[in-house]
Amino acid sequence: MNLKSDFCLKPFNTFGIEVLARQCAQITDCNDLTELYKKGSFKQDFLVIGEASNILFLSRFDGLAIMPLIRGKEIVEETDHQVVLKIQSGEYWSSLVDYAVDNNWWGIENLSMIPGKAGAAPIQNIGAYGAELKDVFVSLEAFDTKTGEFKNFNKNDCKFGYRDSVFKSSYKSRFIVCSITIKLSKIAKPNLSYRALSEFFAGTDKSTIRLKMIRDAVNQIRSSKLPDPQIIKNGGSFFKNPIVKTSMAENLKKKYPEMPLYKIDQKKSKIAAGWLIEQCGWKGKRIGDAAVHEKQALVLVNLGKAKGSDILHLSEKIAESVFKTFNIKLEKEIQLV
Ligand code: EPU
């Protein structure tokens with residue numbers, strides 16, 4: 001384990017915000033966590049940083065930043081139909097997707113190119129293009145910073161929801177994920193339910209669609225809308241897509257027939273936050289170095305030297321105008337630290 005003081009987090013958050021952490025522990029083995037526990041390190045604030053692709057730093061982090069660098073993936077079970085994989089938390093999610101696609105294992109191809117590491121995936125139940133981690137999730141092993149013990153969580157224990165899990169509510173800031181276990185299929189299971197994907201393959205004979213083609217299509221669609229954090233600093237979607245009463249959504253739809261709307265059930269519907277923000281005129285706008293991405297209004301970007309507070313200020317202005325125009329409160333998807 002590598003323990004450092006006053007550690008600069010700028011290269012380790014995709015918003016590229018310049019902040020220091022009082023301490024940083026780079027973990028290469030889960031037993032390092034036991035060592036930290038014995039030293040009393042978890043009595044202070046701590047924060048797990050994979051790629052920090054979903055965190056906006058507002059000021060110096062006066063606690064312990066933990067960076068899991070534990071690598072490795074192993075097949076724990078295999079049949080003719082499926083494979084169960086255990087993945088250590090420090091593996092990059094996007095390389096895991098490529099590894100699965102190269103082996104012709106189905107289930108996570110729609111989640112291609114999502115930044116972050118495998119250990120972060122269950123925290124907010126990552127999702128994209130009609131798929132979510134929960135669809136393939138089996139279990140995870142995590143370290144309990146309260147008791148110093150390791151604990152297994154199955155799918156039910158995790159209480160997955162839309163960008164949500166038990167690790168964002170009752171177990172917030174308590175557990176550190178060491179590994180995740182997922183189940184992938186050897187039998188073709190194309191999921192083209194998401195509109196952008198079905199449009200991409202419109203006119204293509206379904207029987208000719210291969211796993212790699214879907215992963216490549218997702219990469220193409222993502223890259224056409226979402227900025228690459230290596231080039232333009234950003235944290236992906238800043239807000240969640242709001243879930244409102246279906247009656248309210250239907251009234252809005254009468255007024256704005258082109259509004260993208262996803263019915264969840266009789267009572268609830270999801271509205272595209274990016275569309276709401278664009279309607280309020282924010283797409284491509286900037287305040288200093290904090291800006292709204294010109295191709296996807298749900299994504300806020302740091303064009304250079306923006307501080308966390310500059311991005312937050314912009315987000316508050318956006319939320320205010322969406323509320324004024326549509327009477328809808330936007331909830332942040334990004335974690336503020
Ligand atoms: N839209 C606009 N204007 C915009 C942005 C979007 O009109 O500026 C419209 C689009 O035309 C489309 C609809 O809104 O009809 C949805 O847009 P998109 O397909 O780009 O997806 P999203 O709902 O904005 C969600 C996830 C993304 C994920 C995509 C694809 C959330 C908060 N975001 O975005 O996840 O990649 O779907 O599945 O659910 C992330 O979590 O960081 C993230 C990028």
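**View 1. Gln26 in strand S2, a buried position.** In this predicted model, Gln26 has a relative accessible area of 12% and is therefore classed as buried, a label given to residues under 20% relative accessible area, whereas exposed means over 50% and partly exposed covers what lies in between (1.4 Å probe, protein chains only). Gln26 belongs to strand S2, which covers residues 20-27; strands (E, at least two residues) and helices (H or I, at least four) are DSSP runs, numbered from the N terminus. When residues up to four places away in sequence are not counted, Gln26 touches Met1, Asn2, Lys4, Phe7, Asp32, Met67 and Leu69, where contact means heavy atoms within 4.5 Å. Residues are numbered from 1 along each chain as its sequence is written, and side-chain values use heavy atoms, with hydrogens and water left out. Because the model is predicted, local features need pLDDT of at least 70 and side-chain atom pairs count only at pLDDT 80 or more, while totals for chains, interfaces and linings use all residues.

**View 2. Gly235 in strand S13 and its contacts.** Strand S13 covers residues 233-237 and includes Gly235, which is buried at a relative accessible area of 4%. Leaving aside neighbours within four places in sequence, the contacts of Gly235 are Thr14, Phe15, Ser53, Asn54, Leu300 and Ile334. Ile66, 169 residues away from Gly235 along the chain, has its C-alpha atom 19 Å from that of Gly235.

**View 3. Tyr129 and Lys159, two loop residues with positive phi.** Tyr129 sits in the loop between strand S8 (127-128) and strand S9 (131-132), and its phi is near 45 degrees, a positive value in a residue other than glycine. Lys159 likewise has a phi near 45 degrees, and its place is in the loop between helix H3 (155-158) and strand S12 (175-185). Tyr129 is buried, with a relative accessible area of 9%, whereas Lys159, at 60% relative accessibility, counts as exposed.

**View 4. Leu303 in the loop between strand S19 and helix H8.** Leu303 follows strand S19 (299-302) in the loop that leads to H8, and with a relative accessible area of 42% it is partly exposed. Not counting residues up to four places away in sequence, Leu303 touches Ile232, Arg286, Asp289 and Ala291. Gly288, 15 residues from Leu303 in sequence, lies 8.5 Å from Leu303 in space, C-alpha to C-alpha.

**View 5. Helix H8 and the residue just after it.** Helix H8 runs over residues 308-326, and at 1.5 Å a residue its 19 residues should span 27 Å, which agrees with the 27 Å between its end C-alpha atoms; the expected span is 1.5 Å times one less than the number of residues. Several residues of H8 are buried, among them Gly308, Ile311, Leu314, Ile318, Val322 and Phe326. Just after H8, Asn327 takes a positive phi of about 60 degrees.

**View 6. The whole protein, as a setting for the close-ups.** The secondary structure of the protein comes to eight helices and 20 strands. Its radius of gyration is 20 Å, close to the 20 Å that the globule rule gives for 337 residues, so the protein is as compact as a globular protein of that length; this radius is taken over C-alpha atoms, and the rule is 2.2 Å times the number of residues to the power 0.38. Buried residues make up 47% of the 337 residues. Among contacts between residues at least 6 apart in sequence, 62% join residues at least 24 apart.
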